[in-house]
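Biologist: I should like to learn how to read the features of a structural model, one at a time. Could we begin once the structure is displayed?

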Amino acid sequence: MDSMPKTNDTSFEFPCKKPYTPPSWAANLNPIPSHVFSLGQFPTPIHKWNLPNLPKGTEVYLKRDDLSGMQLSGNKVRKLEFLMAEAVAQGADCIITIGGIQSNHCRATAVAAKYLNLDCYLILRTSKALVDQDPGLTGNLLVERLVGAHVDLISKEEYASIGAVALTNILKEKLLSEGRKPYVIPVGGSNSLGTWGYVEAVREIQQQLGKGSGGITFDDIIVACGSGGTIAGLSVGTWLSGLAAKVHAYCVCDDPDYFYDYVQGLIDGLQAGVSSRDIVNIQNAKGLGYAMNTSEELNFVREIAKATGIVLDPVYSGKAAYGMMRDMAENPRKWEGRKVLFVHTGGLLGLYEKTEQITPLVGNWRRMDVHASIPRKEGTGKMF
């Protein structure tokens, strides 16, 4: 079983830069990163997820990448461990990245940058009606703005016509002209270097399966897909390592054909020599569109939280789990007796933007009824 080489073990190693040695089964990928930053709280736990109404004999387990940190939570952290190491190695003094107005990746990048004493510039996509207004402090925006990220707003229409690469390049050129040394991270941290984050996650899963798991092996690994890097790393890592699980991705934007092609580009960038269509099954879970939810999807998130205590985010894992459970209900025989690992990619802060839609779905509050006969005396209850 491969394990990361340990430097001098000490509790003061966060965040720190370490030399990187890949798993033996990934040693033929190229290029191999030279260093990695420890930014997340790894390994994240795997535990059984007691979902209701599963097909006969089906067991679902949860890989808790939502617990990889608080401000720096979710799947984006694994990618940033490699991307930030390259940024520092190149002498960057600031980071540029881009995403939606509630981008988990942008929030994680803003926090990671500050951990490493770098400035962070975020280009955030919003509606034409709101592009000239203060974006507020809801969800991810609160954390980004508290840690001092510079926020540039762009309308969805301009984003669609100019593109993320050109927009980040415009800001890069501006900063270069001001004497800065910017490092650009693409949407979701999803480039070939970021893909190593989930190649490494497969090594972590292997190690967890080897320690007191009672001989559990997974037949399927399921994850949400929003920019492609997570599923590229998971699927190429699963294929190379011989983990023998089938990787299923539920895309929450664009469509499966787009992601098959995009993932192919990422794994070609690592010279993996395999077709994306052979190592991952991508299904559409977009629904109304990226970051848009039906009442059925949000009610599903509420029901799962109520039944299991696991809070899914509405943009990524909520849609992926909704798609998984719907497929299990419609095609139970396909899933009977299978052991499934669902990767929870985080994104809790994205729920805050949905409070108006969620409010009618939750109740459970009332004024406490205290009978008049209960003795009352001023100052009895201390309010610290």
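Biologist: How do the residues of the lining of the largest cavity divide into nonpolar, polar and charged?

Modeller: Please note at the outset that this is a predicted model. The lining of the largest cavity comprises 4 nonpolar, 9 polar and 2 charged residues. That cavity holds about 110 Å³ of space. Of its 15 lining residues, Asn75, Lys76, Gly226, Thr230 and Tyr316 are the closest to the centre. Two or more residues of the lining come from each of H1, S9 and helix H7 (229-241), and H7 gives the most, with 3 residues.

Biologist: How many cavities of 30 Å³ or more does the structure hold?

Modeller: The structure holds 1 cavity of that kind.

Biologist: Lys76 was named among the residues closest to the cavity centre. Which UniProt annotation covers Lys76, and is the residue buried or exposed?

Modeller: An annotation should be read together with its source. An unreviewed UniProt entry gives "modified residue: N6-(pyridoxal phosphate)lysine" for Lys76; such annotations may be inferred rather than shown by experiment. Lys76 lies in helix H1, which spans residues 76-89. Its relative accessibility is 6%, so Lys76 counts as buried, the cut-off being under 20%. Apart from residues up to four places away in sequence, Lys76 touches Asn104, His105, Ala108, Gly188 and Ser227.

Biologist: Which residue does UniProt list for "active site", and where is its place?

Modeller: Ser103 is listed in the unreviewed entry, and its place is in the loop between S5 and H2. Ser103 is buried because its relative accessible area is 6%, with burial defined as under 20%. Leaving aside neighbours within four places in sequence, Ser103 is in contact with Asn140 and Glu144.

Biologist: Let us turn to the pocket. How much space lies in the largest pocket, and which residues are the closest to its centre?

Modeller: The largest pocket contains about 1,300 Å³ of space. It is lined by 48 residues, and Gly99, Gly100, Ile101, Arg125 and Tyr290 are the closest to its centre. By class, the lining has 20 nonpolar, 18 polar and 10 charged residues. The elements that each supply at least two lining residues include strand S5 (94-100), helix H2 (104-115) and strand S6 (119-126). H5 gives the most, with 5 residues.

Biologist: Why is strand S9 described as largely enclosed by the rest of the structure?

Modeller: In a regular strand, side chains alternate between the two faces of the sheet. Each face should therefore be examined in turn. Strand S9 (residues 220-225) is largely enclosed because 6 of its 6 residues are buried. One side carries Asp220, Ile222 and Ala224, the other Ile221, Val223 and Cys225, and all are buried, so that both faces are covered.

Biologist: How many bridges join S9 to strand S10, and which residue of S10 stands opposite Ile221?

Modeller: S9 and strand S10 (residues 246-251) run parallel and are joined by 6 bridges. Opposite Ile221 stands Val247.

Biologist: As a last case, where is the place of Gln207, and is the residue buried or partly exposed?

Modeller: Gln207 is found in helix H6, residues 192-210. With a relative accessible area of 21%, Gln207 is partly exposed, since buried means under 20%. Separation in sequence and in space may also be read together: Gln207 and Arg338 are 131 residues apart along the chain, and their C-alpha atoms are separated by 21 Å.

Notes: Residues are numbered from 1 along each chain as its sequence is written. This is a predicted model: local features need pLDDT of at least 70, side-chain atom pairs count only at pLDDT 80 or more; totals for chains, interfaces and linings use all residues. Side-chain values use heavy atoms; hydrogens and water are left out. On a 1 Å grid over the protein atoms alone, a cavity is a set of points where a 1.4 Å probe fits but cannot get out, and a pocket is an open set with protein on both sides within 12 Å along at least five of seven lines; lining residues have an atom within 4 Å of a point. Grid points are joined across faces, edges and corners, and a volume is the space filled by probe spheres set on the points. Helices (H or I, at least four residues) and strands (E, at least two) are DSSP runs, numbered from the N terminus. Ala, Val, Leu, Ile, Met, Phe, Trp, Tyr, Cys and Pro count as nonpolar, Asp, Glu, Lys and Arg as charged, and the others, Gly among them, as polar. Buried means under 20% relative accessible area, exposed over 50%, partly exposed in between (1.4 Å probe, protein chains only). Contact means heavy atoms within 4.5 Å. Two strands pair if DSSP finds at least two bridges between them.
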